[in-house]
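Please open the structure in a viewer and keep the selection tool at hand. The tour below proceeds stop by stop, each with something to select and a short account of what is there.

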Amino acid sequence: MRKIFAFILVFTFCLNICVAYADPSLAIDAKASLLMEAETGKILHEHNAHEKLAPASVTKVMTMLLIYEALDQERVKWDDVVTVSAHAASMGGSQIFLEQEEKQTVRDLVKSIVIASANDAAVAMAEFIAGSEEAFVSQMNAKAASLGMENTHFLNACGLDADGHLTTAHDIALMSRELILKYPEVFDYTTIRLDKIIHRTARGEEEFGLTNTNKLIRSYSGATGLKTGSTSQALYCISATAEKEGMQLIAVVLAAPDPTIRFGGAMKMFDYGYANYALVSKEETGASMGEVRVYKGTTETAPAVIKEQVNMLAPKGKHVELSGEVVLADFLDAPVAEGTVVGEVIYTWEGAEVGRSELIIPQEIERASVWMIMERLFERWIFSTPSTPSVQ
């Protein structure tokens, strides 16, 4: 019986290892890891992806997401001047050594957060946007809930260790995906290796250098970002992004024992994703999928074009032929605004839906004048009236 019991234990252990690492090349010495294709959100690899762990400065992915959202909504502007509070200046860990009452632009604070992972800059921006770090953290948690980050709870805006400040590899991939798809301009900063800001205090101006904490930017071809993190509790973490052959991947590593394994694990997942998967599409953005009649417009028909190209993730080497079903409105009443939705195209593969895109009118169509309508009616009457046969 003891031998049988021991065999069952060993078999179960081996089975768990095989399930966690279906591909031996993806065995990463970290508590959790995950690889996601950004556009489709498909997960290509995961290990302990839903285990709650401390994220360290990877927290700042959410901070950056809320900052870019505020900029997009014009609640703050790039050239706004932020006065640093005593609380923000007191942040330890990775920082740019802001001083109380120091003034910095939103642009330089964002640059410091993204490139140098500055905790003091993150808290200064949190206070500027929400009035206090506590209020900003409430916004972070609300945003996390809206993105389906079910195992995440933030307690600060920068990622310093705090009991209960936890997330998962899966949830980090969700917020990273939201950031890079909605605000790809973040890559303008995440891809910078070296930069600088100017400290402006009562003593005058002083230059301060910024060095990107993400070593993948210079060591992995195609790397685009995104955020590193490390503390004594979280160990070494990263949410890394890369783009090759038109496909964006997100690789998350949590609680690696050293930075080499953190970066190496992300590269290993990237190599696996690009070697084994590709995006497959049919029509491109802007392709015409038919005509829609326009009633009383300056043109009598208008093209219905694809608003956004639909891609499907498929194993490399596998032949994929997408089928598209077009659904269009019968007619439109002029005037018609540019971008008016007039239908959709639904793509399927092997009988299952893989994506859909709205069909829109690519340009404005004005209402026809009375004289134009009368001219059309007259032309139709002329060409539709049968000719009288001549008498021989």
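Which kind of contact do the side chains of Asp195 and Lys111 meet in? Select both residues: their side chains meet in a salt bridge, at 3.5 Å from N to O. The pair links distant parts of the chain, with Asp195 in strand β5 (residues 194-201) and Lys111 in helix α4 (residues 106-116), 84 residues apart. Please bear in mind throughout that this is a predicted model.

**Around the first pair**

Colour the two residues by accessibility. Lys111 has 11% relative accessibility and therefore counts as buried, since buried means under 20% relative accessible area. Asp195, at 28%, counts as partly exposed. Now add Asp108 to the selection: Asp108, Lys111 and Asp195 are linked in a network of salt bridges.

**Along strand β5**

Next, select Lys196, which also lies in strand β5, together with Glu207 in strand β6 (residues 204-211). The side chains of Lys196 and Glu207 meet in a salt bridge, at 3.2 Å from N to O, and the two residues are 11 apart in the chain. Lys196 counts as partly exposed at 43% relative accessibility, whereas Glu207 is exposed, with a relative accessible area of 52%.

**Helix α2 and its partners**

Move to helix α2 (residues 60-72) and select Ile67. Is this residue buried or exposed? Ile67 is buried, with a relative accessible area of 1%. Add Val106 and draw a line between the C-alpha atoms: Ile67 and Val106 are 9.4 Å apart in space and 39 residues apart in sequence.

Glu69 deserves a selection as well. Glu69 forms a salt bridge with Lys143, and the closest N and O atoms are 2.8 Å apart. This pair links distant parts of the chain: Glu69 belongs to helix α2 and Lys143 to helix α6 (residues 133-146), 74 residues apart. Glu69 is buried, with a relative accessible area of 13%, and Lys143 is buried too, with 14%. A search of the whole structure finds 12 salt bridges, and the Glu69 and Lys143 contact is a salt bridge.

**The cavity**

How many cavities of 30 Å³ or more does a search of the whole structure find? The search finds 1. The largest cavity has a volume of about 40 Å³. To frame it, select Val114, Thr190, Asn212, Thr213, Asn214, Gly225, Leu226, Lys227 and Thr228, which line the cavity. Strand β7 (residues 223-231) gives the most to this lining, with 4 residues. By class, the lining has 2 nonpolar, 6 polar and 1 charged residues.

**The largest pocket**

Now turn to the largest pocket, which has a volume of about 260 Å³. Of its 15 lining residues, select those closest to the centre: Glu39, Val310, Asn311, Val354 and Gly355. The elements that give two or more residues to the lining are β13 (311-315) and β17 (352-360). Of the elements, β17 gives the most, with 5 residues. The lining divides into 4 nonpolar, 5 polar and 6 charged residues.

**A last stop on the surface**

Finally, select Val370, Trp371 and Met374 in surface view. These residues make a nonpolar surface patch of about 390 Å². Trp371 has its place in helix α11 (residues 370-384). Trp371 counts as exposed because its relative accessibility is 68%, and exposed means over 50%.

How values were computed
Residues numbered from 1 in each chain as written. Predicted model: local features only at pLDDT ≥ 70, side-chain atom pairs only at ≥ 80, totals over all residues. Heavy atoms only, no water. 1 Å grid on protein atoms, 1.4 Å probe; cavity = no way out; pocket = protein on both sides within 12 Å on 5 of 7 lines; lining within 4 Å. Points joined across faces, edges and corners; volume = space filled by probe spheres on them. Nonpolar A, V, L, I, M, F, W, Y, C, P; charged D, E, K, R; others polar. Patch = residues over 30% accessible without salt bridge, like charges linked within 9 Å, V, L, I, M, F, W, Y side chains within 5 Å. Areas by Shrake-Rupley, 256 points an atom, 1.4 Å probe, with all protein chains shown as cover. Salt bridge = Lys/Arg side-chain N within 4 Å of Asp/Glu carboxyl O. Buried < 20%, exposed > 50% of the residue type's maximum accessible area, 1.4 Å probe, protein only.
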